[in-house]
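Q: Please take a close look at the empty space in this model, with one pocket as the main part, and then add what can be said about its aromatic rings. I would like the cut-offs stated alongside each term.

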Amino acid sequence: MGFKSDIEIAQESEMLPITAVAEAAGIPDEYLEQYGKYKAKVDYNLLTDKPRENGKLILVTAINPTPAGEGKTTTTVGLADGLRKIGKNVVVALREPSLGPVFGVKGGAAGGGYAQVVPMEDINLHFTGDMHAIGAANNLIAAMLDNHIYQGNALNIDPRRITWRRCVDMNDRQLRFVTDGLGGRVNGTPREDGYDITVASEIMAILCLSSDITDLKERVSKIVVGYTYDEKPVTAGDLNAQGAVAALLKDALKPNLVQTLEHTPAFVHGGPFANIAHGCNSVMATKMALNLGDYVVTEAGFGADLGAEKFLDIKCRKAGLTPSAVVIVATVRALKNHGGVPKAELNNENLAALEAGLPNLLQHVDNIKNVFKLPCVVAINAFPTDTKAELDLVEAKCKELGVNVALSEVWAKGGEGGVALAEEVVRLCELPNEFTFSYELDATIEEKLEAIVKKIYHGRSVMFTANAKKQIAQLTALGFDKLPICVAKTQYSFSDDAALKGAPKDFDVTVRNVKVSAGAGFLVALTGDIMTMPGLPKVPSAEKIDVDATGKISGLF
């Protein structure tokens, strides 16, 4: 018997009307804005109108990703369903997928197997239009900026020092560097420009970190879009763009409500990439979930060195959140890949390779437990090829660090396969919690980066290019040095070199660019050769996607 694809499982499921999901979650009808039968937005005024004691926040993170796959979203959804199976009032909060990975190589972000959020086709494609609104808002600022220069440039903006790029939610390497404004005087001012993918836009980060529409408007007005000829920052507020941008985003700011295959309420809202942004769903959706559920399961992008570090050091710090427990997802296959086994040979038992790859997991566990001081559990996402000897080895090594391992079988069994993990998570949530950040905000930019590199990546030191040193001096002079830091680096390694698997030591991280996202409220440090506009692979997933005469989509994972 062949395995069913994710989309086949999702399409065969019986969804409840979203009104029933909302009712079960305790959302009064007047706060619900339906987008068809199975999707809705929830008015953020619910948070101020109906305050209640917050539930417990559980973060799901993972080892550094490999081509073997880890199943972080699948585990997040399955854990929520598992908590529901043992009688807990639970809500899940996830990020929205980007069209770039959907049509590219990585796939969507709606879970997999029998642990998915539905309707998966809608969630992975246009959903409720949030991505389009964010792209439009980003590009409105770009249009107003270039128009200001064309109309006489009263703000004295230097066209060579514009930092605001246009965006599109697609993997399109052709747009990384463009020259625009060509065609003579009436068609604008010629300059070098470029596009980022929408999820890398500061507008996305702002939407995800805003507490309400007023906060969003203030953040937008602070965005630094470029510099004048005498090196003074120019903001979106200087262009009077904040009101129109907020008008475009007023609905996008409302969290989206959907359901899991087992009808657990799920918020899917906001989606910044964790290798180039902060990689967490919106503060608004997390807070709404905490308002409604006794337990809230959320995830942060990629491995714990990126998504979890930013979730804890940026999102939790900004929003005043304290997680009660952390789940670190790994697979035996991925750990063997970290141990040097190529993808084609991962199905064979190989204890030596597993032992060689295990330090990657153990370093993430050590960081969560001893740097951030949070209770954690390792969830091994089960594959049929895993052997008892391999699973026993993972368990024994984690036990040495005082951390339990739970086998997660949610891909094959849904919530039932997440019960053991759910029970361990409930136990962890009652443990004492000494949550600590990995750095303090009053440190210098260099000290903060050094803390992340040494404590979280376990590297030797940080190297700064001459360009980065100049930018740090300028940002410090402008008073931006007390902001948290969002490191943009490869997701595949603790280091800034994607080829260094496992838990490398004695490496240096090179920071080549430091820029301010003043609206989001953090500095971005670019390391390695990280791209803010991905490209498509040789055979993009888009080639396999189709739709029939009835409107049924196929090939979407």
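A: The account below takes the pocket, then the enclosed space, then the rings.

The model is predicted, so local features need pLDDT of at least 70 and side-chain atom pairs count only at pLDDT 80 or more, whereas totals for chains, interfaces and linings use all residues. Residues are numbered from 1 along each chain as its sequence is written, and side-chain values use heavy atoms, with hydrogens and water left out.

The second largest pocket has a volume of about 1300 Å³, a pocket being an open set of points on a 1 Å grid over the protein atoms alone, with protein on both sides within 12 Å along at least five of seven lines. Its lining, meaning residues with an atom within 4 Å of a point, comprises 43 residues, of which Thr163, Arg165, Asn513, Lys515 and Leu526 are the closest to the centre. Among the elements that give two or more residues to this lining are strand 7 (157-162), helix 8 (202-209), helix 19 (466-477), strand 22 (508-517) and strand 23 (522-527), and strand 22 gives the most, with six residues. By class, the lining of this pocket has 20 nonpolar, 10 polar and 13 charged residues.

As for enclosed space, where a 1.4 Å probe fits but cannot get out, the count comes to one cavity of 30 Å³ or more. The largest cavity has a volume of about 30 Å³ and is lined by Glu96, Pro97, Ile123, Leu125, His126, Phe127 and Met131, a set that divides into five nonpolar, one polar and one charged residues.

Turning to the rings, there is one aromatic pair, for which ring centres must lie within 6.5 Å. It is formed by Phe435 and Phe437, whose ring centres are 5.2 Å apart and whose planes stand at 75°, so the pair is edge-to-face (planes over 60 degrees apart). Phe435 counts as buried (under 20% relative accessible area) because its relative accessibility is 18%, whereas Phe437, at 23%, is partly exposed (between 20% and 50%, 1.4 Å probe). The charged end of Arg317 also sits over the ring of Phe437, 4.2 Å from its centre, where the rule asks for CZ of Arg or NZ of Lys within 6 Å of the ring centre and within 35 degrees of the ring normal. The charged end of Lys489 likewise sits over the ring of Tyr457, 4.9 Å from its centre.

Technical notes:
Phe/Tyr/Trp six-rings, centres within 6.5 Å; stacked < 30°, edge-to-face > 60°. Points joined across faces, edges and corners; volume = space filled by probe spheres on them. Helix = DSSP H or I, 4+ residues; strand = E, 2+ residues; numbered from the N terminus. Nonpolar A, V, L, I, M, F, W, Y, C, P; charged D, E, K, R; others polar.
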